[in-house]
Amino acid sequence: MVAIVDTKGRFSDRWIEYCKSRNIAYKIVNPYANNIIEELSECTIFLWHWHHADYKDQLFARQLLYALEQKEISVFPDFKTMWHFDDKLGQKYLLESIDAPLVKSYIFYSKEEAVQWTTATRFPVVFKLRGGAGSINVKLVHNKYQALGLIRKAFGKGFPLYNQTAIFNDTVSQFKKAKTVKNILRMLKWGGYVLFPPKSYRLFPKQKGYVYFQEFIPNNTFDIRIIVIDKKAFAIKRHTRKGDFRASGSGSISYAAKDIDIRCVQIGLEAAKKLHTQCVAYDFVFNEQNEPLIVEISYGFTMEAYDSCEGFWDRHLNWHPGRFNPQAWIIEALLKKNKPLNEPVSENRPSQTQDL
Ligand SMILES: Nc1ncnc2c1ncn2[C@@H]1O[C@H](COP(=O)(O)OP(=O)(O)O)[C@@H](O)[C@H]1O
Ligand SMILES: [Mg+2]
């Protein structure tokens with residue numbers, strides 16, 4: 001039996017569809033219930049696309065999933081896929097450990113060391129909080145004085161993880177650029193959050209006691225996002241906001257495969273193998289020598305943003321044109337691994353995803 005957490009609008013929509021269309025026995029479970037372990041007693045697979053911005057999920061999703069791995073349930077996301085999720089500090093150590101081409105990154109746990117670092121650093125640099133997405137916690141630091149201000153705050157009252165006003169301002173500039181219904185709704189939603197901050201955001205503790213900087217890689221008008229699932233890769237190109245170095249969250253996406261630097265695909269596939277990850281998204285920028293560098297990784301992504309991809313690459317970098325279903329790849333990989341389940345995994349139809 002497959003257990004799925006129904007996170008409407010996210011990966012679970014397609015996992016449920018997948019099970020229904022292939023007559024695979026599944027049940028919807030509530031991970032927040034006290035008896036969740038008992039609930040899963042009949043289950044061999046557990047899938048939960050948990051979200052970084054949900055305070056409840058952040059409280060215990062990792063712990064629950066790790067515990068289930070101990071119970072020999074095949075889970076998504078598993079330990080190696082998610083321990084570093086929404087944690088740029090963890091990602092720094094991990095990517096340095098596997099010699100992946102991470103942008104030079106600096107972490108300090110003491111104010112003195114951080115201040116000392118600014119004396120011998122060339123500006124601008126990029127300041128980041130360890131969590132957050134859509135560029136909301138990523139800032140360009142133009143000079144030493146700005147850096148010292150951020151360091152003081154990092155070791156003083158700290159930073160909110162979700163700064164509603166900053167996010168609202170971002171939605172306003174996106175609305176000015178494109179007056180779409182989607183942008184109006186986003187603006188209204190975040191305007192409401194400025195006035196009435198949702199409890200789930202207020203609960204997040206202040207970010208303090210560390211400060212994280214990255215070397216600034218200039219002149220990038222886009223970033224390249226590569227996603228690798230089960231030895232297959234797909235990609236998008238995201239343009240930066242106007243007059244801004246940040247691409248993530250800009251909503252301006254190109255899908256042409258010819259725009260994707262194949263070196264990013266290659267690095268993504270190789271690193272995924274070393275990381276033993278079920279699903280990983282990498283953000284790449286390019287340095288002045290035009291070499292691709294990773295700025296961060298993530299196990300989750302917005303599902304629909306990739307539906308217009310023109311195809312995907314297999315592990316030998318062969319191109320497979322046409323539509324594909326990455327969420328099906330996730331569940332198929334678990335079903336393949338989970339032999340005793342012996343459910344009819346696409347017996348009647350050719351698998352989209354034979355071992356490529
Ligand atoms: N060191 C850097 N140099 C240049 N651009 C960067 C750097 N780090 C991030 N960026 C840009 O800022 C965006 C957001 O940064 P990222 O670390 O991916 O944060 P988020 O978690 O918010 O997506 C990236 O999509 C990229 O365009
Ligand atoms: Mg990013």
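In this predicted model, strand 1 and strand 3 run parallel and are joined by three bridges. Both belong to an open, parallel sheet of four strands with the order 2-1-3-4. A further open sheet of four strands is antiparallel, in the order 5-8-6-7. The magnesium ion (ligand 2) takes its protein donors from Asp 283 and Glu 296. The points below treat the two sheets, the ion site, a pocket and some backbone features in turn.

**The parallel sheet and its helices**

- One facing pair between strand 1 and strand 3 is Ile 4 with Leu 47, the latter lying in strand 3.
- In the order 2-1-3-4, strand 2 and strand 4 are the edge strands, each of which pairs on one side only. From one strand to the next, the twist averages 15°.
- Helix 3, made up of residues 55–70, lies across strand 3 and strand 4, and its direction is at about 160° to that of strand 4.
- Helix 1 covers residues 12–21, and its buried residues are Ser 12, Arg 14, Trp 15, Ile 16, Tyr 18 and Cys 19. The cover over these residues includes strand 1 (2–4), strand 2 (26–28), strand 3 (45–47) and strand 4 (74–76), together with helix 12 (326–337).
- The spacing of such positions can be read against a general rule: an α-helix has 3.6 residues a turn, so residues three or four places apart point the same way.
- After helix 1 comes Asn 23, which has a positive phi near 55°.

**The antiparallel sheet and its helices**

- Strands of a sheet pair through backbone hydrogen bonds, and the pairing is either parallel or antiparallel. In the sheet with the order 5-8-6-7, the pairing is antiparallel.
- Strand 5 (105–108) and strand 7 (138–141) form the edges of this sheet, each pairing on one side only. The twist here averages 30° from one strand to the next.
- Strand 6, residues 125–128, is connected to strand 7 by four bridges, and the two run antiparallel. Val 125 has Val 141 of strand 7 as its bridge partner.
- Helix 5 (residues 88–97) lies across strand 5, strand 6 and strand 8 (211–215), at about 125° to strand 5.
- Helix 7 (residues 144–154) lies across strand 6, strand 7 and strand 8, at about 140° to strand 7.

**The magnesium site**

- Asp 283 contributes an OD atom and Glu 296 an OE atom, and these donors lie 2.0 Å from the magnesium ion (ligand 2).
- Asp 283 is in strand 12 (residues 279–286) and Glu 296 is in strand 13 (residues 292–298), with the two residues 13 residues apart.
- Asp 283 counts as buried because its relative accessibility is 2%. Glu 296 is likewise buried, with a relative accessible area of 14%.

**The second largest pocket**

- This pocket has a volume of about 630 Å³. It is lined by 21 residues, of which Asp 230, Lys 231, Ala 272, Lys 273 and Thr 277 are the closest to its centre.
- Strand 9 (222–229), helix 11 (262–275) and helix 12 are the elements that each give two or more residues to the lining.
- Thr 277 lies in the loop between helix 11 and strand 12. With a relative accessible area of 14%, Thr 277 is buried.
- Leaving aside residues up to four places away in sequence, Thr 277 touches Lys 80, Thr 81 and Ala 272.
- Thr 277 and Asp 230 are 47 residues apart along the chain, and their C-alpha atoms are separated by 8.4 Å.

**Backbone features in the loops**

- Most residues other than glycine have a negative phi, and most peptide bonds are trans. The residues below are to be read against that background.
- The peptide bond between Phe 76 and Pro 77 is cis, with omega about -5°. Pro 77 is placed in the loop between strand 4 and helix 4 (79–82).
- Another cis peptide bond runs from Phe 123 to Pro 124, with omega near 0°. Pro 124 is in the loop between helix 6 (111–119) and strand 6.
- Asp 86, in the loop between helix 4 and helix 5, has a positive phi near 55°. Asp 86 is buried, with a relative accessible area of 13%.
- Asp 99, in the loop between helix 5 and strand 5, also has a positive phi, of about 60°. Asp 99 is exposed, with a relative accessible area of 67%.

Terms used:
Residues numbered from 1 in each chain as written. Chains lettered and ligands numbered in written order. Predicted model: local features only at pLDDT ≥ 70, side-chain atom pairs only at ≥ 80, totals over all residues. Heavy atoms only, no water. Donors = N, O, S within 2.8 Å, 3.2 Å for Na, K, Ca; no water. Buried < 20%, exposed > 50% of the residue type's maximum accessible area, 1.4 Å probe, protein only. Contact = heavy atoms within 4.5 Å. Pairing = 2+ DSSP bridges. Axes fitted to C-alpha atoms, helices over the stretch in contact; angles between N-to-C directions. 1 Å grid on protein atoms, 1.4 Å probe; cavity = no way out; pocket = protein on both sides within 12 Å on 5 of 7 lines; lining within 4 Å. Points joined across faces, edges and corners; volume = space filled by probe spheres on them.
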